[in-house]
Amino acid sequence: QVQLVESGGGLVQPGGSLRLSCAASGRIFSNSAMGWHRQAPGKQRELVATITSGGSTYVLDSVKGRFAISRDNAENTVYLRMNNLKPEDTAVYYCRDGDLGVWGQGTQVTVSS
């Protein structure tokens, strides 16, 4: 059974940084395309970034240059580095195994002064 566990969220001031982690278990992690999504209050969940098994990445235009996705296959972990955070980045951030469609439980990111 595949499990994804996110961590690293929290409260940060505008302009600050966070690194989210998503630890995977239960399958060969290196074979999966992985993604980060977010859902702000009252809004639909949106795709933020993806990374293929080969390391190719996609990042949402509104966060390009501020967010970066990476993976460590030896640690079965995918990361989302978020710099220069803005209040509009406030959301619950979810990790997803793109091949199996499995979601993590989410981690809250709040950007506020």
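This section describes the fold, strand pairing and nonpolar core of a predicted model.

The chain contains 11 strands and 0 helices. Read from the N terminus, its elements accordingly form the uninterrupted succession β-β-β-β-β-β-β-β-β-β-β. Along the principal axes, the C-alpha atoms occupy a box of roughly 40 × 25 × 25 Å. The radius of gyration is 13 Å, and this agrees with the value near 13 Å that a compact globule of 113 residues would have. Of the 113 residues, 41% are buried. The accessible surface amounts to about 5,800 Å², and carbon and sulfur atoms account for 45% of that area. When contacts between residues at least 6 apart in sequence are considered, 54% of them connect residues at least 24 apart.

One part of the strand arrangement is an open sheet of 4 strands in the order 1-3-8-7, with antiparallel pairing. The edges of this sheet are formed by strand 1 (3–7) and strand 7 (67–72); each has a single partner strand, so one side of each is left without a neighbour in the sheet. From one strand to the next, the twist averages 15°. Within the sheet, strand 3 (residues 18–25) is paired with strand 8 (residues 77–82) through 6 bridges in the antiparallel sense. In this pairing, Ala23 is placed opposite Thr77 of strand 8.

The loop between strand 7 and strand 8 includes Ala74. With a relative accessible area of 74%, Ala74 is classed as exposed, since the cut-off for that class is over 50%. Ala74 and Ser30 are separated by 44 residues in sequence, and their C-alpha atoms lie 8.3 Å apart in space.

A further set of pairings involves strand 9 (residues 91–97), which is mostly covered, with 5 of its 7 residues buried. Strand 4 (residues 34–39) pairs with strand 9 in the antiparallel sense, and 6 bridges connect the two. Here Gly35 faces Arg96 of strand 9. Arg96 also stands opposite Trp103 in strand 10. Strand 10 (residues 102–103) is antiparallel to strand 9, to which 2 bridges join it. The hairpin of strand 9 and strand 10 has 4 residues between the strands, and Gly101 adopts a positive phi near 75° in this hairpin.

Strand 9 additionally pairs with strand 11 (residues 107–111), again in the antiparallel sense, over 3 bridges. In this pairing, Ala91 stands opposite Val109, and Val92 has Gln108 as its bridge partner. Strand 11 also runs parallel to strand 2 (residues 10–12), and 3 bridges join the two strands. The bridge partner of Gly10 in strand 11 is Val109; Val109 thus takes part in bridges to Gly10 and stands opposite Ala91.

The side chains of strand 11 alternate along the strand. Thr107, Val109 and Val111 are directed to one face and are buried, whereas Gln108 and Thr110 are directed to the other face and are not buried.

The largest nonpolar core comprises 28 residues, and those with the most contacts inside it are Met34, Trp36, Phe67, Val78, Leu80, Met82 and Tyr93. Two or more residues of this core come from each of strand 3, strand 4, strand 5 (46–51), strand 7, strand 8, strand 9 and strand 11. Strand 3 makes the greatest contribution, with 4 residues.

Val78 illustrates the surroundings of one of these core residues. When residues up to four places away in sequence are not counted, Val78 touches Leu20, Ser21, Cys22, Phe29, Met34, Trp36, Ile51, Ile69, Ser70, Arg71 and Cys95. Among these partners, Met34 and Trp36 also belong to the group with the most contacts inside the core.

Technical notes: Residues numbered from 1 in each chain as written. Predicted model: local features only at pLDDT ≥ 70, side-chain atom pairs only at ≥ 80, totals over all residues. Heavy atoms only, no water. Pairing = 2+ DSSP bridges. Axes fitted to C-alpha atoms, helices over the stretch in contact; angles between N-to-C directions. Buried < 20%, exposed > 50% of the residue type's maximum accessible area, 1.4 Å probe, protein only. Rg over C-alpha atoms; globule rule 2.2 N^0.38 Å. Contact = heavy atoms within 4.5 Å. Areas by Shrake-Rupley, 256 points an atom, 1.4 Å probe, with all protein chains shown as cover. Core = buried A, V, L, I, M, F, W, Y, C linked by side-chain atoms within 4.5 Å.
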